[in-house]
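Here are some exercises to work through with the model open beside you. Each one sets a task and then walks through a solution.

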Amino acid sequence: MSTETEKPEIIDESGDKYKYGFVTDIASDSAPMGLNEDIIRFISAKKGEPDWLLEWRLQAFRFWQKLEEPTWAKLHYDKIDYQSLHYYAAPKQKVSPKSLDEVDPELLATYEKLGIPLKEQEALAGVVAVDAVFDSVSVATTYRAKLAEQGIIFCSISEAVKHHPDLVRQYLGSVVPYTDNFFACLNSAVFTDGSFVYIPKGVRCPMELSTYFRINAKNTGQFERTLIIADEGSYVSYLEGCTAPQRDENQLHAAIVEIVILKDAEVKYSTVQNWYPGDKDGKGGVYNFVTKRAACRGANSKVSWTQVETGSAVTWKYPSCILQGDNSVGEFYSVAITNNLQQADTGTKMLHIGKNTTSKIISKGISAGRSNQTYRGLVKVSPHASGARNYSQCDSLLIGASCGSHTVPYVENRNKTARLEHEATTSKISDEQLFYCRQRGIGEEEAVSLIVNGFCKEVMQHLPLEFAIEAAKLINISLEGSVG
Amino acid sequence: MKTPLLEIEDLCARVQDKEIIKGFNLTINAGEVHAIMGPNGAGKSTLSYVLCGKPGYEVTSGKVRFKGQDLLSMSVEERAREGLFLIMQYPVEIPGVPVTTFLKHAINAVRKHRQEPELDTPSFLKLIREESKKLGISADMLKRPVNVGFSGGEKKRLETLQLSILKPSFAILDEADSGLDIDALKVVADGVNAERSDSNAMLVITHYQRLLNYIVPDFVHIFADGHIVQSGGKELALELEESGYARFVKENN
């Protein structure tokens, strides 16, 4: 039995507009609360993993125990009790459904409601393939057969461990080693699922690949891990979306995305992050601690990160580019919006190692309500990276008088031939702009959203079309009630 | 039978603590064009902002009826949707928002208020193209962000374009000729004149007589020290051109 309840668990009276706040009532299979080596063995056994992976997880866990949670970010939140979480929760269903017909209809209905149809014939008429991750496991991946015709592997990382162990073993942790940072280390010990993508040499992936993450179960951390490998001369555009139910307590999300890009290959990675942000008084919401990194290993390789961050109570996220191959290119386009009591500390790292590497950073931060936002970025040019170029532009827009915006750009240059440019602006939506719009009949909220969308335009135009429309709507929802 | 569009009675208003509009009276009927002329600092622009409801401009006493309704109780956008339009002296820049997007939001906000259906994209584009052509506005200019990097002439053309597509019943032109060379002035004046009809009215605020050669008013009012000190026909403007404002300012000091 399982009936779906549409009502959010918290009846929110503040008129919150978070439309993904419902909870799916589905039986779930979870690990006991807490974190120790037995829990890690439990997770590994649940997933039927090989010994090498269990060993790797345990090493990560042992290392993690020696680490301290970082405090350098401009974020304030109650200390997380890592022993009071469940590290594994999976909806009970047949172990691995062979086709979509075998997926629990309750889950299909959930994704339907989130606007992510998992039935292939409906999935945006074949332009997007979806991997749906529900709590700790991937529940469905669409269009696999069609992609496999071109040698493209698109599946959950658990399946990849089973069916493509060599690839996983070669690349897992090669971009983000478990020693990297506190949250990445935790993820390495307990990661449950996520997506795996391999694009073979010279293949241009014919459709957008996407993963849709959903946290459902209570007191559960989501630790997904995504690994994307773009072999020589290949291309893929990858989208990631996230939502979570509206819950009173905070939920922890500590993910890793690793991207390996070989010679002449290109990866475009787009995120629309809409985790539950908490209510107007800052109660509840997702703690989002994410390590995302792409290694441009080969010459002429290219990576482009585009992110629209509207959700989460706390965001700690710095999608980075290691520009190792000569002439490799890294780009980071970001729109971060915080309202009410949300906090975001986000930015990027551009590490120039190869010759003639170029990077571009366009960051647009919008703060409203009593929220606080920090752009934190690093541009580092190593001694051998002659001819490196970077252009950074960080613009902040403030709405109201109680929010904060901060820009912390670090630059470390060890090569005399490098050319680095940095521009930063902070502005407010001016009374003159609002008056002008309103004098033409445009209502105040609509005027704010028009001005904000104009402010973000440079970033939004890098999103795939369907995503851009969704993101523009999200921006409007996030800012509702921020004026007047 | 004349239909009053705008009736201003004993209007007093201040900005911060400074009293600027002091007992202003004027009735404008449908089909009329009135000009308000006055020296710099007389409060001409303040009057236009007060009528449009700009925040920070506080009405301390008096009444304003617009099409019989209490104008002062309406929000800025309600006044605009009811048909009050201000050609601004210094139109503001809105980065990243293309002119067409802006116009579409504006026209649909007004249509919605009039309970007309939203314009679909093809009809909207057709309308914009036709009206832009008359004003010498290029397709490229329509794609650029609102007023960003526009010359003085381009800004005023865009204001006039909005006038012509929003079709307000009452338009205020606040120093519409500032920053315009003679050719641009003619284009703008032609655009404005094309909108004149028996059912609407205009209030032209200007410092110089020059503009009134192109937009010929039915009535001219001299505005000094917060109210009208003399009214007359269009010949008053010419008279003023010769004698200057000095005597009016003096009378009131």
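**Exercise 1. A residue in a loop**

Between which two strands of chain A does the loop with Asn327(A) lie?

Solution. Start with the place: Asn327(A) is in the loop that links strand S15 (320-323) to strand S16 (329-338) of chain A. Strands (E, at least two residues) and helices (H or I, at least four) are DSSP runs, numbered from the N terminus. Next, check the backbone: phi of Asn327(A) is near 60°, a positive value in a residue other than glycine. Finally, turn to accessibility: Asn327(A) counts as partly exposed because its relative accessibility is 35%. Buried means under 20% relative accessible area, exposed over 50%, and partly exposed in between (1.4 Å probe, protein chains only).

Before going further, some ground rules: this is a predicted model, in which local features need pLDDT of at least 70 and side-chain atom pairs count only at pLDDT 80 or more, while totals for chains, interfaces and linings use all residues. Residues are numbered from 1 along each chain as its sequence is written, chains are lettered from A and ligands numbered from 1 in the order in which they are written, and side-chain values use heavy atoms, leaving out hydrogens and water.

**Exercise 2. Confidence along chain A**

Find the mean pLDDT of chain A, and the stretches where pLDDT falls under 50.

Solution. First, the average: chain A has a mean pLDDT of 84, with 80% of its residues at 70 or more. The score is the predictor's confidence in each residue, from 0 to 100. Then scan for weak stretches: residues 1-15 of chain A stay under 50, and the model gives them 31 contacts beyond four places in sequence. Residues 121-126 of chain A are also below 50, with eight contacts beyond near neighbours in sequence. Contact means heavy atoms within 4.5 Å. Where pLDDT is low, predicted coordinates should not be read in detail.

**Exercise 3. Two buried serines**

Is Ser382(A) buried or exposed, and where does Ser210(A) lie?

Solution. Take Ser382(A) to begin with: its relative accessibility is 17%, so Ser382(A) counts as buried. Ser382(A) sits in the loop between strand S20 (372-381) and strand S21 (389-398) of chain A. Leaving out residues up to four places away in sequence, Ser382(A) touches His352(A), Ile353(A), Arg414(A) and Asn415(A). Now Ser210(A), which belongs to strand S7 (residues 208-214) of chain A. Ser210(A) counts as buried because its relative accessibility is 9%.

**Exercise 4. A helix pair**

At what angle do helix H2 (residues 51-65) and helix H7 (residues 182-190) of chain A pack?

Solution. Fit the axes: H2(A) and H7(A) pack at about 145°, with axes 7 Å apart. Axes are lines fitted to C-alpha atoms, for helices over the stretch in contact, and angles run from 0 to 180 degrees between N-to-C directions. Then list the contact residues, which include Trp56(A) and Phe61(A) of H2(A) and Phe182(A) and Leu186(A) of H7(A).

**Exercise 5. The largest nonpolar core**

Which residues touch the most other members of the largest nonpolar core?

Solution. Such a core is a set of buried Ala, Val, Leu, Ile, Met, Phe, Trp, Tyr and Cys residues joined through side-chain atoms within 4.5 Å. Among the 113 residues of the largest one, Ile366(A), Val452(A), Phe24(B) and Phe170(B) touch the most other members. Helix H9 (residues 444-460) of chain A supplies the largest share, nine residues.
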